[in-house]
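Hi everyone, thanks for making time for this. I'd like to walk you through the cysteines in one model, and then stop at a single alanine.

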Amino acid sequence: MKGDFSRWTFDARNHYTAVLMQQGRVQLDSDWNEQAAMLEYLGRTRLEDVVGPSGVPGGLGFEVYTGADGAPMLSAGRIYAGGLACELAADTPISQVTRTPLRPEAGRTHLVYLDAWERHVTALDAPDLVEVALGGPESSTRLQVAWAIDVIEDVSSEGCAESSSALPKQGLGRMTAEAPDGYLGTENQLYRVEIHDGGSLGEATFKWSRHNGSVLFPVERFLGPRSARLGRSLVDPQTISVGDSLEISGAEREQLGLPGTLARVDAWSENTREGVFDRDVSAQSGATRPRARLWNQTPDSTVQVESNWIVLEDGIRVRFGGSGFRTGDYWTFPARVASPAVEWPSDAPPQGVEHRLCPLALVTWDRLGAGWHDCRCAFVSLTEVYAELLRLRAEVAKLRGSTETT
């Protein structure tokens, strides 16, 4: 979550059930957010214990089938993925909600699966979050369930269970942050390190922010391939300087969990709020509600993920280990003026984005078209289960009565 937060304190291993406020004490955003995280964690855990890793109520939602025009479709309904409720209002062509095109290949089998996660929503995406009586600044933000369909091509097995082993693994990358000579900054910060291009050590890249990536400017107009006019940040009055790194993106890419275009500011006018970038950003000109997010790495737009120590600023350095870094993986750690050390354990997995993956279907093409094998897990409501038990009990009683009469 790229909000203006002080720090994140929720840890499921503590087994806390509530945050208790005390009279006359300062209220912190971290306490409120930890309470919300506790309730969400407990709710998702209970739902997953009952439904399982994934489930479709009545088997009516998210079915992959061939439409009238021969195009793969996804049926309307609801599916629970790792405790997250994903909903689709109307039958939709898969091509509209997939990251990877579903390409017909005779004799080969592809796995179609759902990727669900929680997306951070700000007033840029939901303007009604701003209370106009406050004069414009954003107060609170929201979490929203987001999902996308993806495809793994040429899976070796025809069975759903065996093919599911090909689903992407999570939490394989690791990061360590420290300030060996003490934090040298003059302000309290919440640092964010986020993977931009996925891959292995020496291949993946990352970006970082001293404001948790929360500084966001609406793009009011694209003026050319390398220039744009930006609005003002809703978080607090932040300025833009030559040399800053901005990630130009839009609602569609963020909803699919895809990165935007990272560009360096080569020229900036505070009066007109017009900037010139070091590269073409016009690929985002057709995006819905385009935005520019401020990152603090300089002079390069991204930094390579390495096992050696990488200096960020003010005595803070990071290094990485493991493999399989995914776009969007992130770590946050608070740095405090009153404390010489940064609050971060060594060799830690990503804090998020936590993806819940569930297989939907296997598709095999032949000369007659696509053949679908359903991989969804259906379930019925507890009331239906109880009603069926009552019906069976009545039949057993009836059979016993008939036997005794005979």
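I'll start with the disulfide search, go on to two free cysteines, and finish with the alanine.

Please keep in mind that this is a predicted model. So, how many disulfides does a search of the whole structure find? The search turns up 1, and that disulfide joins Cys-160 to Cys-375, with an S to S distance of 2.0 Å. In sequence terms the link brings together distant parts of the chain, as the two cysteines are 215 residues apart. Cys-160 sits in helix α2, residues 160-163, while Cys-375 lies in the loop between β23 (369-374) and β24 (378-379). Both Cys-160 and Cys-375 are buried. For those of you who like geometry, the link of Cys-160 and Cys-375 is left-handed, with -75° about the S-S bond.

Now for the free ones. Cys-86 is in no disulfide, and its nearest cysteine sulfur, on Cys-358, is 7.0 Å away. Is Cys-86 buried or exposed? Cys-86 is buried, at 0% relative accessible area. Cys-377 is in no disulfide either; the nearest cysteine sulfur there belongs to Cys-160, 8.5 Å away. Cys-377 counts as partly exposed, with 46% relative accessibility.

Last stop, the alanine. Ala-204 is in the loop between β10 (189-197) and β11 (205-209), and Ala-204 is buried, with 0% relative accessible area. Beyond its neighbours within four places in sequence, Ala-204 contacts several residues, among them Asp-197, Val-303, Val-305 and Phe-325. Phe-325 is 121 residues from Ala-204 along the chain, yet their C-alpha atoms are separated by 6.7 Å.

Thanks, and I'm happy to take questions.

Terms used: Residues numbered from 1 in each chain as written. Predicted model: local features only at pLDDT ≥ 70, side-chain atom pairs only at ≥ 80, totals over all residues. Heavy atoms only, no water. Disulfide = S-S within 2.5 Å. Helix = DSSP H or I, 4+ residues; strand = E, 2+ residues; numbered from the N terminus. Buried < 20%, exposed > 50% of the residue type's maximum accessible area, 1.4 Å probe, protein only. Contact = heavy atoms within 4.5 Å.
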